Amino acid sequence: MFNTYKYYCPKCGVKLNDSRHVNFKVMKDGAFVTIIMLNPTPGEYNYESEPPIEFAKGERLDFHCPSCSENLQSEKFTDFVSIVLKPVDEIEFEVLFDRAAGQHTTYVMTEDMIEKHGDHPKDLM
């Protein structure tokens with residue numbers, strides 16, 4: 001899709017990724033669980049976490065911005081996390097990925113289409 005992936009928090013605008021990962025705080029019942037570092041390429045689902053943790057398949061995770069701590073759950077699609085992808089400064093897309101551990105589904109929402117990635121993408125609309 002793109003050569004570089006720059007992701008941003010839709011709440012505070014801070015860049016979420018470094019050169020290797022997209023970084024989030026994972027919370028459960030309002031308490032910190034781990035920092036999760038996801039592969040930035042849509043359709044790639046490997047991750048690291050600090051502290052290391054295994055998630056139960058299907059477990060719903062609450063992803064928060066590591067800077068402003070806001071919950072990044074999509075308001076429209078509550079099973080998904082919503083972040084912003086800016087391949088260049090002038091272009092902005094919404095990216096949705098499933099909050100459930102092991103559910104490999106990602107959508108890149110462009111102006112005129114929805115690009116689907118993963119094992120079991122469903123139609124959103």
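# Exercises on a predicted model

In this predicted model, Phe80 and Tyr107 are both buried. The exercises below begin with the two sheets and then turn to the loops and the rings.

## Exercise 1. The four-stranded sheet

Determine the order of the strands in the open sheet of four strands, and state which strands lie at its edges.

Solution.

Step 1. Strands of a sheet pair through backbone hydrogen bonds, in either a parallel or an antiparallel sense.

Step 2. The four strands follow the order E4-E3-E2-E5, and their pairing is antiparallel.

Step 3. Strand E4 (47-50) and strand E5 (62-64) are the edge strands, since each pairs on one side only.

Step 4. From one strand to the next, the twist averages 35 degrees.

## Exercise 2. The surroundings of strand E2

Describe how strand E2 is joined to E3 and to E5, and state how many of the residues of E2 are buried.

Solution.

Step 1. Strand E2 (residues 22-28) runs antiparallel to strand E3 (residues 31-38), and seven bridges join the two. Within this pairing, Met27 stands opposite Phe32 in E3.

Step 2. E2 also runs antiparallel to E5, to which three bridges join it. Lys25 has His64 in E5 as its bridge partner.

Step 3. Six of the seven residues of E2 are buried, and the strand is thus mostly covered.

## Exercise 3. The turn between E2 and E3

Characterise the turn that connects E2 and E3, with attention to the phi of Asp29.

Solution.

Step 1. E2 and E3 form a hairpin, with two residues between them.

Step 2. Most residues other than glycine have a negative phi.

Step 3. Asp29 is not a glycine, yet its phi is positive, at about 50 degrees.

Step 4. The cut-off for an exposed residue is over 50% relative accessible area. Asp29 has a relative accessible area of 76%, and therefore counts as exposed.

## Exercise 4. Two further loops

State what is notable about the backbone at Ser69 and at the peptide bond from Glu50 to Pro51, and locate Ser69 and Pro51.

Solution.

Step 1. Ser69 is a residue other than glycine with a positive phi, near 70 degrees. The loop between E5 and E6 contains Ser69.

Step 2. With a relative accessible area of 34%, Ser69 is partly exposed.

Step 3. Most peptide bonds are trans.

Step 4. The bond from Glu50 to Pro51 is cis, with omega near 5 degrees. Pro51 belongs to the loop between E4 and E5.

## Exercise 5. The five-stranded sheet

Give the strand order of the open sheet of five strands, and describe the pairing of E1 with E6.

Solution.

Step 1. The order is E1-E6-E7-E8-E9, with antiparallel pairing.

Step 2. At the edges are strand E1 (7-8) and strand E9 (114-118), each of which pairs on one side only.

Step 3. Two bridges connect E1 with strand E6 (residues 80-88) in the antiparallel sense. Leu85 in E6 is the bridge partner of Tyr7.

## Exercise 6. Aromatic rings

Classify the aromatic pair of Tyr5 and Tyr7 and that of Phe80 and Tyr107, and identify the rings linked with Phe24.

Solution.

Step 1. The structure holds six aromatic pairs. In one of them, the ring centres of Tyr5 and Tyr7 lie 6.3 Å apart and the planes meet at 5 degrees, so this pair is stacked.

Step 2. The cut-off for a buried residue is under 20% relative accessible area. Tyr5, at 12%, is therefore buried, and Tyr7, at 3%, is buried as well.

Step 3. Phe80 and Tyr107 form an edge-to-face pair, with 5.6 Å from centre to centre and 70 degrees between the planes. Because Phe80 lies in strand E6 and Tyr107 in strand E8 (residues 105-109), the pair ties together parts that are 27 residues apart in sequence.

Step 4. Phe24, Phe63 and Phe97 are linked into a cluster by ring pairs.

## Exercise 7. A charge over a ring

Identify the ring over which the charged end of Lys86 sits.

Solution.

Step 1. The ring is that of Tyr8, and the charged end of Lys86 sits 4.9 Å from its centre.

Terms used
Residues are numbered from 1 along each chain as its sequence is written. This is a predicted model: local features need pLDDT of at least 70, side-chain atom pairs count only at pLDDT 80 or more; totals for chains, interfaces and linings use all residues. Side-chain values use heavy atoms; hydrogens and water are left out. Two strands pair if DSSP finds at least two bridges between them. Axes are lines fitted to C-alpha atoms, for helices over the stretch in contact, and angles run from 0 to 180 degrees between N-to-C directions. Buried means under 20% relative accessible area, exposed over 50%, partly exposed in between (1.4 Å probe, protein chains only). Rings of Phe, Tyr and Trp (its six-membered ring) pair if their centres lie within 6.5 Å; planes under 30 degrees apart count as stacked, over 60 as edge-to-face and the rest as tilted. A charge sits over a ring if NZ of Lys or CZ of Arg is within 6 Å of the ring centre and within 35 degrees of the ring normal.
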